[in-house]
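Student: Please give me a close look at one part of this structure, and set it against the chains around it. I am new to it, so explain each term as it comes up.

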Amino acid sequence: MIAWITAVAQAVLVAAVAPLLIGFMRAVRARLEGRAGGRLVQPWRDLRKLLRKEPIIPADAGMIFTAAPLVLMATSVLVAAAAPYLSTGGPLSGVADLIVVVGLLLLGTVALALAGLDTGTAFGGMGASREMTIAALVEPTLLLAVFALSTRVGSTDLGAIVAAGAADPAAVFTPASALAAAALAIATLAEAGRLPVDNPATHLELTMVHEAMVLEYAGRDLALVEWASAMRLTILLGLLANLFIPWGVASSPHPAALAVGAAVFVVKLAVLGGLLAAGEVFVAKLRLFRVPELLAGSFVLGLLAVVASAVLA
Amino acid sequence: MGLIGKIRDAGRVAEPAPPQPEQGLPAAGLGGSVQVRHVDAGSCNGCEIEVGQAFGPTYDAERHGVRLVASPRHADVLTVTGPVTVNMAGPLRATYEAMPRPGLVVAVGDCARDCGVFAGGYGVLGPVSDVVPVDVQVPGCPPEPAAIVAALRGVSGR
Amino acid sequence: MNEVAAALAVAFALAGVGAAAGWAVPARGRSTVAGAATAGVGAAGAAAGLAAVSGTGWQGHLPDLLPLAGVTLSVDALAGWFLLLVGGVAVVVGVYTVGYAGRGGHGPASRTALAVLPVFVAAMLLVPAAGSVSTFLLGWELMAVTSLLLVLAEHRHSPAARTAGLWYAAMTQAGFVAVLVGLAWLAAAAGGESFAAIRAAGPELSPVVSGGVFLLCLAGFASKAGAVPLHPWLPRAHAEAPSHVSALMSAAMVKLGVYGIVRVGFDLLGGGQRWWWLLLGAFGVVSALYGILQAAVATDLKRLLAFSTSENVGLILLGLAAAGLWTDAGEHAAAGVALAAALLHAANHAGFKTLLFCGAGSVLRATGTRDLDELGGLSRRMPATTLLFTVGALGAAALPPGNGFVSEWLLLQALLHRAPEAGMVVTVAAPVAVAVVALTAGVGVATYVKALGTGFLARPRSSAAEQAVESPRGMLAGMGLAALACAGLAVAPAVAAPALDRIAGGLRTGIAPLGGSGVDVRLSGIASTISPLWIGVGVVGLAVGFAGAARAVGRARRRAAAWDCGDGPLTARMEYTATSFAEPLQRVFDNVLAPEQDVDVTHPSESAYLVRSVQYRRRLPDRIEARLYQPMVTAVDRVGRAARGLATGSVHRYLAYMLAALIAVLVAGVIR
């Protein structure tokens, strides 16, 4: 029972923090650009307003267009509930598996890509095509990083990996782990649609990837898409944080431990988000056909991580 | 201001913000969040430069919860500049129709209000209010960025 | 009487009756009779399989049925698994055929095509049920011939079907020869042709014999399974055959190649050497990658599905290879998981590919085209078909909560297993295999997004697609059955765990059984768990919950024309087509796919800076076929022409040949 409450608490925490993370990253960026920037809660205000507005469906779109934001949101919430953010002993160990998490996030991507095609606009199709190309190329890197991480504990269970890392810090600070972290970081950027793979703030349709797919959404549909996208970023950064800095995650369902876990989680997110936002100020978006080169680089890092974990183990 | 404050504000370009307006347009129900889609209906681009400034670092409309967006589907407010030319009347109407309800229109600049110096031109259809319902007008040729920001703040209430 | 025997007897009897009835009944009721008979044969076969995987084995010898060797049947759990698979596919296809073949009298509804259908299914049941080399080869050849007749069903209208038939006939017979030589060699070396005798003698065979037999059988079975580079028949035959036949071939027949490899490699030869499995793994890796890349850029829906079959077979072979390698390394738990992954993926693939080929058939029937560039807009014209195709595509893309996901998860678990004792080659090969599976999965997702998104969604891009109407109820019912099977396999794969345990236990490789229970699938020896049920319930439940909540707080949805940037209405020509969707992937994998593109720009006479029209042409020939097979075909052609010189028509010359041959035989006999 306590495990289930923890899972719900995790989902609620991620859902609540995700827009704040976006607000924080915008603030960091604004500050580095010499602007004043918006408030931390601004994304929440945006969501509140969008939920009240009228949703619109394009004339030729069908079920998939309306279902996609729901699927996107459902996968994000499911991952947020299952993965070890506050506690390593989640009730859904059969969902808190690295491969399952990768698969669920991909399902959300697919739903949105299909929705982009369903609109029948050129931009929607363009965004879908690009997003799926990038997603296809990120996949090998993700799973190689999974390989490198899982060999440490002989399991792809996220809770087990995080718990083992927290118990044995020496296993975390290894060359293999560092290489896997680098590979996973690049893959995270691509999955979350951040610079240099995709520019979340772009207004130019021809450079869009994620944005192009959601151009047709309005009102509460858009709110769900934006919220879920923020949650995906939180989920990915949180995973990155807990896999490579596994301390602070509660190993027992004690309320105090969970509270500490929540606080540590928020701090980790803020640090990673701040670093990401600061980094984004200094880089430009890559040309679309340069992205495969970046991903090939991350793939090589992943392969090196696996080889290092096999040879140096 | 202490030393830490000075360090914090080093490199900061943004001017101090004027005080918050008493309340926004109550009908809009935006609650401090405005997404703006901009349409140039035939402007000389003087107003565009000022709109651009309003979102630049100095006036920084983003700190008031105002953002430019890429699609009218995402927008709450349409900012329109220039007299509406014959060729742009249709697209302007279509853009307004494409916005989710409730959607507001802000006419920016004298031309958008009454066609300004272009009144009576052969390609000019009329002011913005002839084509779509206008909720807020910003006078000036071109209006100052501060006035544009103030108008948008007046809509959102922040 | 034994249940397996009874069910098989019913199946074969029904096949005979169905064939006769399909031949005799007038055109109006022919498809109904043949479809019902096919479904009946399938149901009986599935019943036999179900009994066998639940532990009821059967062995029988019918000495009088055929001269010399008689017919030997032997059904164990492994055979039962494939009986169940073939039978299940046949039930779906039988129901589907009633609506699909229609009441015409041509093509798929012709007398031959319908009468042969139940016989084809019976032949596919005979292959796993065979208990001796001769019976196995009989079933194998019967399956090849009947399927060839079915591929040629539309030969009158389509020259492409004739070419496909030629390729299929040549390759399947070449494969048959390889299997024939291999198994005959094996029987000769083992001193008996029944599987029991071979099994007993298997471990004593010299490595040369067992290696040679394995290579020959691998060549034959892999070509039947459509593994790259032995695949060129597959995209042709699957694309040109009537869709219910494509479904049978892709979902069931191709799996019997997999069955052959398991039967010969693991059972008859009893494991074998490491290089076998490395070779098989290489086959798997190449098939998976090449297959999915070709599928990703294909615009013909059935060609896409066919190449995706190659890809899935590659994944299955990879699983088998992992099972062999882990067995060789003494990692029995991981080997069990790998074998379970391969077998479960075979079943999953059978489920979703039946559904997808039937869906493609419905689209073809409704629009007359398989070209994704010409489709679109079907989701509002054929909603039920679209929904069913989506279920299949979810499985084929290996996304949770689809059914393909669980078996890919198992495969990855087996490959992620690390065993330092297995040697350096395996240590390096395993991560490469993981990367290949991952890339395959990623490109596979893009492929099915393309198939569904450009084929069914948005607006129709041709008048044929615009006038599409929903399929008749019989076809939807068939597809619905397949969708139910997919859903069952997706949420409760654990029900298959006892059967998989029994199969693993029956093979003499000492593979430890795999565990499974309730909602979870647990692996013995690997500490990972997956709860397919929770994933499905979680995604669907949360999505429904959010739908309700969103509706409660928000306003009503408005339908409006898609945003056209204010510049006039969008037309269907502006949509992304399948070609444009795959263009980035095609560019990324330019070196592998080697597309032939040319762009012709014509200028008006006034200025070279203006453009009158632009023509873009793209062809994506199968590169392996062009490089590997075309030279071979040319060489055979040249030899054939040269051989003509031998046959001049002179009787004297022929008599001289006969004399020379006689002398050669005598000399050979004397020397020996």
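Tutor: Read from start to end, chain B follows the order α-β-α-β-β-β-α-β-α-β-β-α. That comes to five helices and seven strands, where a helix is a DSSP run of H or I with at least four residues, a strand is a run of E with at least two, and both are numbered from the N terminus. The model is predicted, so local features need pLDDT of at least 70 and side-chain atom pairs count only at pLDDT 80 or more, while totals for chains, interfaces and linings use all residues. Residues are numbered from 1 along each chain as its sequence is written, and chains are lettered from A and ligands numbered from 1 in the order in which they are written.

The C-alpha trace of chain B spans about 60 × 30 × 25 Å along its principal axes. Its radius of gyration is 17 Å, which agrees with the value near 15 Å for a compact globule of 158 residues; the radius is taken over C-alpha atoms, and the globule rule is 2.2 Å times the number of residues to the power 0.38. Of these 158 residues, 49% count as buried. Buried means 20 or more other C-beta atoms within 10 Å of the residue's own, exposed means 12 or fewer, and partly exposed lies in between, with C-beta atoms placed from the backbone.

Chain B meets chain C through eight of its own residues and four residues from chain C. On the chain B side these are four nonpolar, three polar and one charged. Two residues are in contact if their C-beta atoms, placed from the backbone, lie within 7 Å. Ala, Val, Leu, Ile, Met, Phe, Trp, Tyr, Cys and Pro count as nonpolar, Asp, Glu, Lys and Arg as charged, and the others, Gly among them, as polar.

Chain C has 24 helices and seven strands. Its radius of gyration is 26 Å, close to the 26 Å that the globule rule gives for 672 residues, so chain C is as compact as a globular protein of that length. Of its residues, 59% count as buried.

Now the close look, at helix H9 of chain C. All eight of the eight residues in H9(C), 233-240, are buried, so the helix is largely enclosed by the rest of the structure. Among them are C:Trp233, C:Arg236, C:His238 and C:Glu240. They pack against H5 (133-151), H6 (159-190), H10 (243-268) and H12 (301-328) of chain C.

Elsewhere in chain C, the axes of H15 (403-416) and H16 (424-456) come within 9 Å and cross at roughly 160°. H15(C) and H16(C) are therefore roughly antiparallel; angles over 145 degrees count as that, under 35 as roughly parallel, 65 to 115 as roughly perpendicular and the rest as oblique. Axes are lines fitted to C-alpha atoms, for helices over the stretch in contact, and angles run from 0 to 180 degrees between N-to-C directions. The residues in this contact include C:Leu411, C:Leu412 and C:Leu415 of H15(C) and C:Ala430, C:Val434 and C:Val437 of H16(C). By class, the contact has nine nonpolar, no polar and one charged residues.

Last, C:Ala69 sits in the loop between strands S1 (58-62) and S2 (71-75) of chain C. C:Ala69 is partly exposed, with 17 other C-beta atoms within 10 Å. Leaving aside residues up to four places away in sequence, C:Ala69 touches C:Ser132, C:Ser134 and C:Glu193.
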